Amino acid sequence: MGDFTHFVDLIPKALARYKLTREARAALVCARFRTLLPGIVGSDAETDGVHPKYFKNGFLVVAVPTSIWAQRIYVHRHELLHRLNLHLGKEWVKDLRAVVETSSESPQA
């Protein structure tokens, strides 16, 4: 029974074998951001359209509905980075950027 391997220990090897580690890391970072954000900037973040857009090369880009939200993210950037990396157990997230995405309006003819 000494040869027993936990399933959790097999996941990183499987992801690496199929070259999915980058995508899995991005998904994990985005999921952690979603769970940590309301506790740091306020619970209204869940309903106000703030969501992670993508994670690439250590940069987490967050979509926000207004410049006011971009400012809130900027003000709490260091705490968000610290808590994200703490929860991930690694220094994966180097910087955080907010991008204002307005709701798409109907095109004019």
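# Briefing: helix H4 and its surroundings

The buried residues of H4 pack against helix H2 (21–41), strand S2 (59–64), helix H3 (67–75) and strand S3 (95–100). The model is a predicted one: local features need pLDDT of at least 70 and side-chain atom pairs pLDDT 80 or more, while totals for chains, interfaces and linings use all residues. Residues are numbered from 1 along each chain as its sequence is written, and side-chain values use heavy atoms, without hydrogens and water. Helices (H or I, at least four residues) and strands (E, at least two) are DSSP runs, numbered from the N terminus. Contact means heavy atoms within 4.5 Å.

**Helix H4**

- H4 covers residues 77–88, 12 in number, and spans 16 Å from its first C-alpha to its last, close to the 16 Å expected at 1.5 Å a residue; the expected span is 1.5 Å times one less than the number of residues.
- Arg77, Leu80, Leu81, Leu84, Asn85 and Leu88 of H4 are buried, where buried means under 20% relative accessible area, exposed over 50% and partly exposed in between (1.4 Å probe, protein chains only).
- These buried residues lie on the same side of H4 because they cover an arc of only 120° around the axis, the arc being that of the directions from the helix axis to the C-beta atoms.
- An α-helix has 3.6 residues a turn, so residues three or four places apart point the same way.
- His78, His82 and Leu86 are exposed, on the face of H4 turned away from its buried side.
- Gly89 follows H4 and has a positive phi, near 80°.

**Asn85**

- Asn85, in helix H4, is buried with a relative accessible area of 6%.
- Its side chain reaches the backbone nitrogen of Trp92 at 3.2 Å, with polar contacts defined as pairs of N or O atoms within 3.5 Å; within protein, one atom must be able to donate a hydrogen and the other to accept it, and residues adjacent in sequence count only if both atoms are side-chain atoms.
- Leaving out residues up to four places away in sequence, Asn85 touches Lys90, Glu91, Trp92 and Val93.

**Nonpolar core**

- The largest nonpolar core (buried Ala, Val, Leu, Ile, Met, Phe, Trp, Tyr and Cys residues joined through side-chain atoms within 4.5 Å) has 23 residues, and Phe33, Val50, Leu60, Val93 and Leu96 have the most contacts inside it.
- H2, S2, H3 and H4 each give two or more residues to this core, and H2 provides the largest share, 8 residues.

**Confidence**

- Mean pLDDT (the predictor's confidence in each residue, from 0 to 100) is 83 for the protein chain, with 82% of residues at 70 or more.
- Confidence is lowest in helix H1 (residues 7–17), at a mean of 70, and highest in S3, at 95.
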